[in-house]
Amino acid sequence: MQTILGANGQIGTELAQVLRQEYTQSIRLVSRNPNKVHPSDEIVSADLLDYAQTERAIAGSHIVYLCAGMPIDSALWLKQWPIMMANVIKACAHHKAKLVYFDNTYMYQQSAQLQSESSPFEPHGSKGHARAQAAQMLLTAMDNHQIEAMICRAPEFYGPSKTQSITNATVLDKLKSGKKALVFMRDDTLRTLIYTPDASRAMALLGNTPDAYNQTWHLPCDDNRLTYAEIITLAQSILNRPCGYTVLKPWQHTLIGLFNKQVRETKELLGRYTADNLFDSTKFKTRFPDFEITRYEAGLRHTLLDVD
């Protein structure tokens with residue numbers, strides 16, 4: 001049995017698809033209100049903030065994927081991430097289940113420094129501190145041989161369907177609907193983005209590779225990095241119509257944030273958009289040289305036109 005915690009999101013849905021296609025017919029989908037991806041999927045309703053519910057959801061699992069997300073709310077992240085991670089670690093240890101944790105890069109320095117698996121945690125803001133704390137809890141459990149696990153870390157993602165990211169929400173979804181894109185801070189810094197189906201395929205591969213455990217892995221990305229200006233130019237070619245955009249300056253972000261909590265919650269992330277984002281996935285590419293990475297043009301075409 002391979003179990004996905006936080007199964008309703010884009011990553012969880014795509015992960016369920018690739019697991020069934022390539023690795024197992026026994027899939028359990030867990031969330032507060034789970035939905036089947038395949039008719040034979042087992043669904044379990046559970047709140048990961050409750051240990052008893054978490055333990056029951058994990059019982060009988062061989063591999064567990066933690067893909068849970070939360071609303072972009074700093075207070076919520078600081079309060080709930082440590083509880084959730086502690087419950088999942090304890091339950092996986094109890095049932096001797098392997099854990100694959102889908103993580104982000106909020107704990108890294110907001111600079112143009114190359115980000116590798118050995119980069120130190122230098123979080124900026126509450127969300128970064130919350131993710132750093134959760135990751136460190138798992139690293140400690142791995143070091144103490146409490147659990148067999150791995151961290152699969154991804155930069156900001158983009159992708160089709162219900163993908164939720166700043167790039168999707170402020171750029172791609174707006175262009176797709178014929179509106180002007182909104183670019184945070186600068187349009188000339190290089191972005192490393194991961195296509196959500198690639199992230200899911202890579203995580204499934206790692207989870208089913210026994211010698212990949214007890215390590216951190218950066219999930220594979222196209223190294224032909226683009227700026228937002230270049231992404232929007234490419235989108236214009238794909239959509240075959242003019243695509244405009246506005247660069248949101250710090251004072252404008254502050255002003256909008258006075259009336260919009262969701263925008264206000266992104267303030268601590270703005271430093272990520274003022275410098276090149278250089279996320280390195282050489283380790284994965286070296287270990288799995290045959291893994292096919294979706295290039296930006298193909299990923300953007302699928303995302304903007306809903307085609308393969």
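This is a short chat about the sheet and the cavities of a predicted model.

Colleague: Let's start with the sheet. In what order do the strands run?

Modeller: The order is β3-β2-β1-β4-β5-β6-β11. These seven strands form an open sheet, and the pairing is parallel.

Colleague: Which strands stand at the edges?

Modeller: β3 (42–45) and β11 (216–218). Each has a single partner strand, so one side of each is left without a neighbour in the sheet.

Colleague: And by how many degrees are neighbouring strands turned against each other?

Modeller: By 20 degrees on average, direction ignored.

Colleague: Take β5 and β6. How many bridges do they pair over?

Modeller: Five, in the parallel sense. β5 covers residues 98–103 and β6 covers residues 149–153. Phe102 has Cys152 in β6 as its bridge partner.

Colleague: Which strands does helix α1 lie across?

Modeller: Helix α1 (residues 10–22) lies across β1 (2–5), β2 (27–31), β4 (63–66) and β5. The helix runs at about 170 degrees to β1.

Colleague: Switching topic. How many cavities of 30 Å³ or more turn up?

Modeller: Three, from a search of the whole structure. The largest holds about 120 Å³ of space.

Colleague: Which residues are closest to the centre of that largest one?

Modeller: Gln115, Arg191, Arg272, Tyr273 and Asn277, out of 17 that line it. The lining divides into five nonpolar, eight polar and four charged residues.

Colleague: What about the second largest cavity, what lines it?

Modeller: Tyr108, Gln109, Ser111, Gln113, Leu114, Gln115, Ser119, Pro120 and Glu122. That lining has three nonpolar residues, five polar and one charged. About 70 Å³ of space lies inside.

Definitions and conventions: Residues numbered from 1 in each chain as written. Predicted model: local features only at pLDDT ≥ 70, side-chain atom pairs only at ≥ 80, totals over all residues. Heavy atoms only, no water. 1 Å grid on protein atoms, 1.4 Å probe; cavity = no way out; pocket = protein on both sides within 12 Å on 5 of 7 lines; lining within 4 Å. Points joined across faces, edges and corners; volume = space filled by probe spheres on them. Nonpolar A, V, L, I, M, F, W, Y, C, P; charged D, E, K, R; others polar. Pairing = 2+ DSSP bridges. Helix = DSSP H or I, 4+ residues; strand = E, 2+ residues; numbered from the N terminus. Axes fitted to C-alpha atoms, helices over the stretch in contact; angles between N-to-C directions. Contact = heavy atoms within 4.5 Å.
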